[in-house]
Amino acid sequence: MTTFFTMDDGLTVCSEVPDRLFPLRRGELCVVSVDGADEFARVLPGPGFPAPVPGEFRRIADAYGKSGAVSNRAAAARARERAEKWVLGRNLAVHIGGARFSAGRERLTLSVCVNGHVELRDLCEALRRELHAAVSLVFLGQRECAAATGGLGPCGRQLCCRIGLGSGEVLLKTAREAGTSLMESSVGGMCGRIKCCFNFEKDVGAQ
């Protein structure tokens, strides 16, 4: 059965899970292979946002794996701080949206938001030498960056795209049907796109 997972940096992954294990508990820590490397990921209740990338389910994490996931998260946070310091030192229009290590720490993945074209090969090389790990970059759009960094929306709850409730596409027509002013300040979310909650309100109204 198809199951959806989220990683520490907000990446959503989908994978088939053996019938004997389905359904996995929401939030269950698992190991999923993505692009040839095993990654820690937690079970999502649905497909979430951004659109999931294909992965291959490996196993449910045991106690040793859970300890490794905590250690990897701390190491990734330190790597992110190094990357942010590098970017600030060069006054680049770049935001490091998230960082994650693969389960064996052989690969560091940085999620970045950039304004225009920015060359980051020197950053990757500096981190590779320091961390003794391959470094890959994932360039994010506005909503993907919001999913990676998180934060609170005007409703006081975590951003929908951060916790896997983002609908991916919300039409301006939906906001108009809700009777909301179409001024950007009224319909725009923190990600710069139309608020996901208009879709939820539409579903509730239809019941």
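Okay, let's start with one residue, V87. Leaving aside its neighbours within four places in sequence, V87 touches L92, V94 and I96. You'll find V87 in helix α1. And keep in mind as we go that this is a predicted model.

So, is V87 buried or exposed? It counts as buried, because its relative accessibility is 2% and the cut-off for buried is under 20%. There's also a link to a residue further along the chain: L120 is 33 residues away from V87, yet their C-alpha atoms are separated by 9.0 Å.

Now let's look at the helix itself. Helix α1 covers residues 63-89, which is 27 residues. From its first C-alpha to its last it reaches 40 Å, close to the 39 Å expected at 1.5 Å a residue. At the start of α1, D62 has a side-chain oxygen within 3.2 Å of the backbone nitrogen of Y64. After the helix comes N91, and its phi is positive, near 55°.

Which residues of α1 are buried? They are G65, A69, N72, A75, A76, A79, A83, W86 and V87. If you're wondering about the spacing in a list like that, here's a handy bit of background: an α-helix has 3.6 residues a turn, so residues three or four places apart point the same way. And what covers the buried residues of α1? The cover includes strands β3, β4, β7 and β8, along with helix α2.

Two of those covering elements, β8 and α2, take us to the next bit. Together with β9, they make a right-handed β-α-β unit. In that unit, β8 is residues 107-114 and β9 is residues 134-139, while helix α2 is residues 121-131. The two strands run parallel, and 6 bridges join them. If you want one pair to find on screen, look for L110, which stands opposite L137 in β9. On the loop between α2 and β9 sits H132. Its phi is near 55°, a positive value in a residue other than glycine. H132 counts as exposed, because its relative accessibility is 70%.

Next, the open sheet. It's formed by 6 strands in the order β5-β2-β1-β4-β3-β6, and the pairing is mixed. Which strands stand at the edges? Those are β5 and β6; each has a single partner strand, so one side of each is left without a neighbour in the sheet. For β6, look at its pairing with β3: the two are antiparallel, over 4 bridges. There, S33 stands opposite E56 in β6.

A couple of loops around β3 are worth a stop. In the loop between β2 and β3 you'll find P23. A cis peptide bond joins F22 and P23, with omega about -5°. Then, in the loop between β3 and β4, there's D35. The phi of D35 is near 55°, which is positive in a residue other than glycine. D35 counts as exposed, because its relative accessibility is 70%.

Last thing: how confident is the predictor? The mean pLDDT of the protein is 82, and 73% of its residues reach 70 or more. Over residues 203-207, though, the pLDDT is below 50, and that stretch has 0 contacts in the model beyond near neighbours in sequence. Where pLDDT is low, the predicted coordinates should not be read in detail. That's it from me, thanks!

Notes
Residues numbered from 1 in each chain as written. Predicted model: local features only at pLDDT ≥ 70, side-chain atom pairs only at ≥ 80, totals over all residues. Heavy atoms only, no water. Pairing = 2+ DSSP bridges. Right-handed = clockwise from strand over helix to strand, strands pointing away. Expected span 1.5 Å × (residues − 1). Buried < 20%, exposed > 50% of the residue type's maximum accessible area, 1.4 Å probe, protein only. Contact = heavy atoms within 4.5 Å. Polar contact = N/O pair within 3.5 Å; in protein donor to acceptor, adjacent residues only side chain to side chain. pLDDT = per-residue confidence, 0-100.
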